[in-house]
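Here are some exercises to work through with the model open beside you. Try each task yourself before reading its solution.

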Amino acid sequence: MPCRAKWIFLMKMRTDNRQYEGEADIFSLDYEGRGVARVNGKALFIEGAMPGERVRFEIIRSKKQFDEARVIDIIRYSENRVEPKCRYFDTCGGCLIQHIDSTAQIAFKQRIMEEQLERIGKIRPKQILPAIYGTPWHYRERARLSISKDAGGRLKIGFKAKKSHEVIDVDSCMVLPAHISEKLPKIKQMLQSLIDLDLLFIEFFNSEKLTVLNICSGKKPPSQKLRQLEKWFDTIFGHEKKQWQIWLQARRQGAQPFYPKDCQPLGYALPEFEVEMPYKPGDFTQINAGLNGVMVGRALKLLDIQKNERIADLFCGLGNFSIPMAKSGAEVVGIEGEGSLVKRARNNASANGCSDRVSFFEADLFETDEVVVASWGQFDKMLLDPPRGGAYAVVKSLHAPYLPVRIVYVSCNPATFARDAEVLVNKGYKLKLAGVMNMFAQTSHVESIGVFDLENSI
Ligand SMILES: C[S@@+](CC[C@H](N)C(=O)[O-])C[C@H]1O[C@@H](n2cnc3c(N)ncnc32)[C@H](O)[C@@H]1O
Ligand code: SF4
């Protein structure tokens, strides 16, 4: 069905119980991938609408500051609207913006970053960096798929529905690597025989030489089920079986390798720095391995590392940035809240022959204060790569004489990035460069990078 006809058909199906209808011009996209409009002075977030379009909408929720709505008809189409490629897009919450052309997605994400910086941080970067992006499909090297049962006891495996906990049962997924997507129906058949083990979720971890399927269940599989699972494995993976491995995980416990035992370890490479990073299922790794290499390269270039500079890598995980920094001649201190990642980072530094230049410590960086900052000593430069909550405690506690001359901030949430940027600017930093990295194509996630230079410390 052509794009326009399909929209009208879908919208007609959704028009029961309308509360209020109107028309609006969409001027922007919000962080949930909804079109943003203003009607009678009030902000309106419209599901399914995109910038440049005029749509007829119906209100689904009305709040004091804003209304939420969905499209019931598109009056003027954007030239950036495309037919969603995945047949589950209308219901699956894994992707929110497949209806927007991949190149336009990047431009919209850049606009979101700039808007948040301006609105929350009251800052404009001096210069916008060209966006980093990779292949828009089959890029997800790590994914967790939920499991539930339908009324007839048949397994459902997939991501959660949009704005709901319902599991959308899928037989393919266009953001997973193709060899994983095509095995989903057979994996589902195999798991159907384990249904009485109270299956919770499955995960995939993909690397160049190995793909791990981790199965998490509420009950421990009895030995007869384990034997059955081994047989299934040989049937499903056939001649590819050297590339696959099953891990098993009990509720609230770590995953353990199950079958076959003798496999290459999971790992990713950063060829520009001659670095190999082994990891295990459950470790934090960047989801888009291809773009990760480009991001690390860009971050290090922006840090402009000079030999023997002392550099902090905060929220360092398994050393994704710290180890390339050490290999580039810096003296690096990596700090991370997850003890298992700190251990992995130390092992990875030894494996890459740079443990004399990098040390790793475990600490809760959300508890950073001025005393903690002083205990770290002076750093020439700093890399921040926090989770969605940002690095507020760290930036708030930085003070002279412990202010690095340059901070490179990698962010997965433009709102906390903007909030923290304002704190840094108030401490005498200038946001010299900022740009987006489309790590999560088809989703509304905005990953950004910013360079802050100390101009006048106060
Ligand atoms: C976006 S990841 C970045 C990891 C690493 N830089 C990388 O590129 O793989 C954020 C990291 O922050 C860590 N983290 C989360 N909360 C933390 C906290 N309160 N204190 C320290 N580290 C924390 C997570 O364990 C995770 O490794
Ligand atoms: S996450 Fe996968 S199944 Fe869901 S909409 Fe995206 S491509 Fe389709």
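In which loop is the place of proline 260? Proline 260 sits in the loop between strand 14 and strand 15 (267-270), where strands (E, at least two residues) and helices (H or I, at least four) are DSSP runs numbered from the N terminus.

A word on the ground rules: this is a predicted model, where local features need pLDDT of at least 70, side-chain atom pairs count only at pLDDT 80 or more, and totals for chains, interfaces and linings use all residues. Residues are numbered from 1 along each chain as its sequence is written, while chains are lettered from A and ligands numbered from 1 in the order in which they are written.

**Exercise 1: odd backbone spots**

Task: find what is unusual at proline 260, proline 401 and asparagine 40.

Solution. Start with the general rule: most residues other than glycine have a negative phi, and most peptide bonds are trans. Now go to tyrosine 259 and proline 260, which are joined by a cis peptide bond with omega about -20 degrees. Next, alanine 400 and proline 401 are also linked by a cis peptide bond, with omega about 5 degrees. Proline 401 belongs to the loop between helix 10 (392-397) and strand 21 (406-411). Last comes asparagine 40, which is not a glycine but has a positive phi of about 50 degrees. Look for asparagine 40 in the loop between strand 3 (35-39) and strand 4.

**Exercise 2: the sheet that contains strand 1**

Task: work out the strand order of this sheet and say why strand 1 and strand 2 each have a side without a neighbour.

Solution. Two strands pair if DSSP finds at least two bridges between them. Using that, 6 strands give an open sheet with mixed pairing, in the order 1-5-6-4-3-2. Strand 1 (21-25) and strand 2 (28-29) are at the edges with a single partner strand each, so one side of each has no neighbour in the sheet.

Now walk inwards from strand 1. Strand 1 runs antiparallel to strand 5, and 5 bridges join them; aspartate 25 has arginine 54 of strand 5 as its bridge partner. Strand 5 (residues 54-62) is antiparallel to strand 6 over 8 bridges, and a hairpin of 3 residues connects strand 5 to strand 6. Here arginine 61 is partnered by glutamate 68 in strand 6. One step on, strand 4 (residues 42-47) pairs with strand 6 (residues 66-76) in the parallel sense over 5 bridges, with isoleucine 46 opposite alanine 69 in strand 6.

**Exercise 3: the sheet that contains strand 10**

Task: trace this sheet and find the helix that lies across strand 10.

Solution. The order is 10-9-11-12-13-14, again an open sheet of 6 strands with mixed pairing. Strand 10 (155-158) and strand 14 (256-259) have a single partner strand each, so one side of each is left without a neighbour in the sheet. On average, neighbouring strands here are turned by 25 degrees against each other, direction ignored.

Zoom in on strand 9 (residues 142-149), which pairs with strand 11 (residues 199-206) in the antiparallel sense over 5 bridges. Serine 146 has phenylalanine 201 in strand 11 as its bridge partner. The helix is helix 4 (residues 184-192), which lies across strand 10, strand 11 and strand 12 (211-217).

**Exercise 4: the ligand shells**

Task: name residues around each ligand and sort the shells by class.

Solution. A residue counts as near a ligand if its C-beta atom, placed from the backbone, lies within 6 Å of it. Around ligand 1 there are 18 residues, and Phe315, Gly317, Asn320, Gly337 and Leu365 come nearest. For the sorting, Ala, Val, Leu, Ile, Met, Phe, Trp, Tyr, Cys and Pro are nonpolar, Asp, Glu, Lys and Arg are charged, and the others, Gly among them, are polar. The shell of ligand 1 then has 10 nonpolar, 4 polar and 4 charged residues.

Around ligand 2 you'll find, among them, Cys86, Cys92, Cys95 and Cys173. Its shell has 10 nonpolar, 2 polar and no charged residues.

Conventions:
Axes fitted to C-alpha atoms, helices over the stretch in contact; angles between N-to-C directions. Contact = placed C-beta atoms within 7 Å.
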